[in-house]
Amino acid sequence: MSIATVDTAPLAEAGDLAPVLLTVEEAARCLRIGRTTCYALIRTGELESLTIGGLRRVPADAPAAYLARRRAEQSAA
């Protein structure tokens with residue numbers, strides 16, 4: 001699995017397309033962090049999210065983008 005693609009295949013049912021939006025819990029699983037930490041990243045703006053109705057959703061490419069930014073920051077330091 002490369003940094004550009006986060007494996008969301010286990011999140012989709014067999015035969016379904018990969019999800020476009022993830023729940024916060026699914027995004028946390030992709031990043032291997034806790035739900036509370038994921039909400040903290042969303043609150044600070046480090047992890048992109050949307051509110052649809054009353055539901056918080058994370059674009060499927062946002063976890064990979066977050067990791068790419070973190071890796072770039074750490075390699076620059």
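From the N terminus on, the elements of this predicted chain follow the order β-α-α-β-β-α. That order comprises three helices and three strands. Of the 77 residues of the chain, 27% count as buried. Among contacts between residues at least 6 apart in sequence, 42% join residues at least 24 apart.

## Helix H1 and its surroundings

Helix H1 covers residues 24-31. H1 is mostly covered, with six of its eight residues buried. The buried residues are Val24, Glu26, Ala27, Ala28, Cys30 and Leu31. Their packing partners are strand E1 (21-23), helix H2 (35-44), strand E3 (55-59) and helix H3.

Glu26 is a charged residue placed in helix H1. Its relative accessibility is 19%, and Glu26 therefore counts as buried, the cut-off being under 20% relative accessible area. In sequence, Glu26 and Val58 are 32 residues apart, while their C-alpha atoms are 8.7 Å apart in space.

After H1 comes Arg32, whose phi is positive. The value of phi is near 60°, in a residue other than glycine. Arg32 has its place in the loop between H1 and H2. With a relative accessibility of 67%, Arg32 counts as exposed, since exposed means over 50%.

## How H1 packs against H2 and H3

Two packed helices are described by the angle between their axes and the distance between the axes. For H1 and H2, the axes come within 9 Å and cross at roughly 100°. The two helices are therefore roughly perpendicular to each other, because an angle from 65 to 115 degrees falls in that class. On the H1 side, the contact is made by Val24, Glu25, Ala27 and Ala28, and on the H2 side by Arg35, Cys38, Tyr39 and Ile42. By class, the contact of H1 with H2 has six nonpolar, no polar and two charged residues.

Helix H3 spans residues 62-76, and H1 packs against H3 at an angle of about 40°, with the axes 10 Å apart. That angle makes H1 oblique to H3. The crossing of H1 and H3 is right-handed. In this contact, Ala27, Cys30 and Leu31 of H1 meet Pro63, Tyr66 and Leu67 of H3. The residues of the contact of H1 with H3 divide into six nonpolar, no polar and no charged.

Ala27 is listed in the contact with H2 and also in the contact with H3.

## The nonpolar core

The largest nonpolar core has 14 residues, of which Cys38, Ile42, Leu47 and Val58 touch the most other members. H1, H2 and H3 are the elements that give two or more residues to this core. H1 gives the most, with five residues.

Among the core residues named above, Cys38 and Ile42 also belong to the H2 side of the contact with H1. Leu47 touches Leu31, Cys38, Leu41, Ile42, Val58, Ala62, Pro63 and Tyr66, not counting residues up to four places away in sequence.

One of the residues that Leu47 touches is Leu41, which has its place in helix H2. Leu41 is buried, with a relative accessible area of 10%. Apart from residues up to four places away in sequence, Leu41 touches Ile33, Glu46, Leu47 and Tyr66. Tyr66 is one of the H3 residues that meet H1, and Tyr66 is also touched by Leu47.

## Pairs far apart in sequence

Ala18 is found in the segment before E1. At 53% relative accessibility, Ala18 counts as exposed. Ala18 is paired with Ala60 in the table below, beside the pairs of Glu26 and Leu41.

| Pair | Separation in sequence | C-alpha to C-alpha distance |
|---|---|---|
| Leu41 and Tyr66 | 25 residues | 9.5 Å |
| Glu26 and Val58 | 32 residues | 8.7 Å |
| Ala18 and Ala60 | 42 residues | 8.7 Å |

In the pair of Leu41 and Tyr66, the two residues also touch. Of the residues that begin these pairs, Leu41 is buried at a relative accessible area of 10%, Glu26 is buried at 19%, and Ala18 is exposed at 53%.

Technical notes. Residues are numbered from 1 along each chain as its sequence is written. This is a predicted model: local features need pLDDT of at least 70, side-chain atom pairs count only at pLDDT 80 or more; totals for chains, interfaces and linings use all residues. Side-chain values use heavy atoms; hydrogens and water are left out. Axes are lines fitted to C-alpha atoms, for helices over the stretch in contact, and angles run from 0 to 180 degrees between N-to-C directions. Helices (H or I, at least four residues) and strands (E, at least two) are DSSP runs, numbered from the N terminus. Angles under 35 degrees count as roughly parallel, over 145 as roughly antiparallel, 65 to 115 as roughly perpendicular and the rest as oblique. A crossing is left-handed if the near helix is turned anticlockwise from the far one by less than a right angle, and right-handed if clockwise. Contact means heavy atoms within 4.5 Å. Buried means under 20% relative accessible area, exposed over 50%, partly exposed in between (1.4 Å probe, protein chains only). A nonpolar core is a set of buried Ala, Val, Leu, Ile, Met, Phe, Trp, Tyr and Cys residues joined through side-chain atoms within 4.5 Å.
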